[in-house]
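Here's a short set of exercises to work through with the model open beside you. Try each task before you read its solution.

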Amino acid sequence: METLLGTATICARTRWNRTGIRLDSTRQYRMAATGDWFDRKLSYGPEGGPAKSSFQRPFAWLRRRRHDPWFVLVGAVDARNATAFIIGRQLAAFSPSSSGELTCYANDVWLAYGNNSGSVTLKVWQRG
Ligand SMILES: [Ca+2]
């Protein structure tokens, strides 16, 4: 059984999007995201992707999560990097390492959020 906990709009331009959705470390969740967001005019889904321009490539190592795709949807508890995890387009079963508010961002270089636009819609279900 699943219960829809909430729907949140995650803006590409915001370094930490608050969702108002509270996660409990003793529970399990399913998440799904839809929509498109933009790095300048380059479009990505919530699953992110490889660099699409020569402007991005030199800065790949500066991404907040340097080993994960550009603009992949990332979640964390209370905006703490130590709790960060990849949501992407779909996360089937997730147990947070600690309890707190779900906060999210598009994986970009910290100083490069000014040219971002668009948003993705995230839904979170509690399982069981
Ligand atoms: Ca950017």
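Helices (H or I, at least four residues) and strands (E, at least two) are DSSP runs, numbered from the N terminus. The model is predicted, so local features need pLDDT of at least 70 and side-chain atom pairs count only at pLDDT 80 or more, while totals for chains, interfaces and linings use all residues. Residues are numbered from 1 along each chain as its sequence is written, and side-chain values use heavy atoms, with hydrogens and water left out.

**Exercise 1. Work out the overall fold content and how compact the chain is.**

Step 1: Count the elements. You get zero helices and ten strands.

Step 2: Check the size. The radius of gyration (taken over C-alpha atoms) is 14 Å. The globule rule, 2.2 Å times the number of residues to the power 0.38, also gives 14 Å for 128 residues, so the chain is as compact as a globular protein of that length. Along its principal axes, the C-alpha trace spans about 45 × 25 × 20 Å.

Step 3: Look at burial. Buried means under 20% relative accessible area, exposed means over 50%, and partly exposed is in between (1.4 Å probe, protein chains only). Of the 128 residues, 46% are buried.

Step 4: Look at contacts, meaning heavy atoms within 4.5 Å. Take those with a separation of 6 or more: 72% of them join residues 24 or more positions apart.

**Exercise 2. Find the protein donors of the calcium ion and say how they are spaced along the chain.**

Step 1: Collect the donors, which are N, O and S atoms within 2.8 Å of the metal (3.2 Å for Na, K and Ca); water is not among the atoms, so sites may look incomplete. The protein gives Asp39 (OD), Asp108 (OD), Ala112 (O), Asn115 (OD1) and Asn116 (OD1), at 2.3 to 2.4 Å from the ion.

Step 2: Write the spacing. Along the chain it reads D-x68-D-x3-A-x2-N-N.

Step 3: Ask how covered these donors are. Asp108 is buried, at a relative accessible area of 1%, and Asn116 is buried too, at 2%.

Step 4: Look around Asn116, which sits in strand β10 (residues 116–127). Leaving aside neighbours within four places in sequence, Asn116 touches Ala12, Arg13, Phe38, Asp39, Phe71 and Asp108. Two of those names, Asp39 and Asp108, turn up in the donor list as well.

**Exercise 3. Which parts of the chain do the Glu2–Arg30 and Arg18–Glu101 salt bridges link?**

Step 1: Fix the rule. A salt bridge is a side-chain nitrogen of Lys or Arg within 4 Å of a carboxyl oxygen of Asp or Glu. Side chains of opposite charge can pair when their charged atoms come close. The structure holds four salt bridges.

Step 2: Take Glu2 and Arg30, whose closest N and O atoms are 2.8 Å apart. This pair links distant parts of the chain: Glu2 is in strand β1 (residues 2–11) and Arg30 in strand β3, 28 residues apart. Glu2 is partly exposed, at 35%.

Step 3: Take Arg18 and Glu101, which meet at 2.7 Å, N to O. Arg18 belongs to strand β2 (residues 17–23) and Glu101 to strand β9 (residues 100–106), so the pair, 83 residues apart, links distant parts of the chain. One partner, Arg18, is exposed at 66%, whereas Glu101 is buried at 15%.

**Exercise 4. Where in the chain do Arg40 and Ala79, both with a positive phi, lie?**

Step 1: Recall the background. Most residues other than glycine have a negative phi.

Step 2: Place Arg40. Its phi is near 50 degrees, and Arg40 falls in the loop between β3 (28–39) and β4. Arg40 is partly exposed, at 43%.

Step 3: Place Ala79. Here phi is near 55 degrees, and Ala79 lies in the loop between β6 and β7 (85–86). Ala79 is partly exposed, at 31%.

**Exercise 5. Which residues make the nonpolar surface patch of about 330 Å²?**

Step 1: Apply the patch rule: residues with over 30% relative accessible area and no salt bridge, with like charges joined within 9 Å and nonpolar side chains (Val, Leu, Ile, Met, Phe, Trp, Tyr) within 5 Å. Areas come from the Shrake-Rupley method with a 1.4 Å probe; for residues, only the protein chains shown count as cover.

Step 2: Name the members: Phe59, Trp61 and Leu62.

Step 3: Place Trp61. This residue is in the loop between β5 (47–49) and β6 (70–77), and is exposed at 54%.
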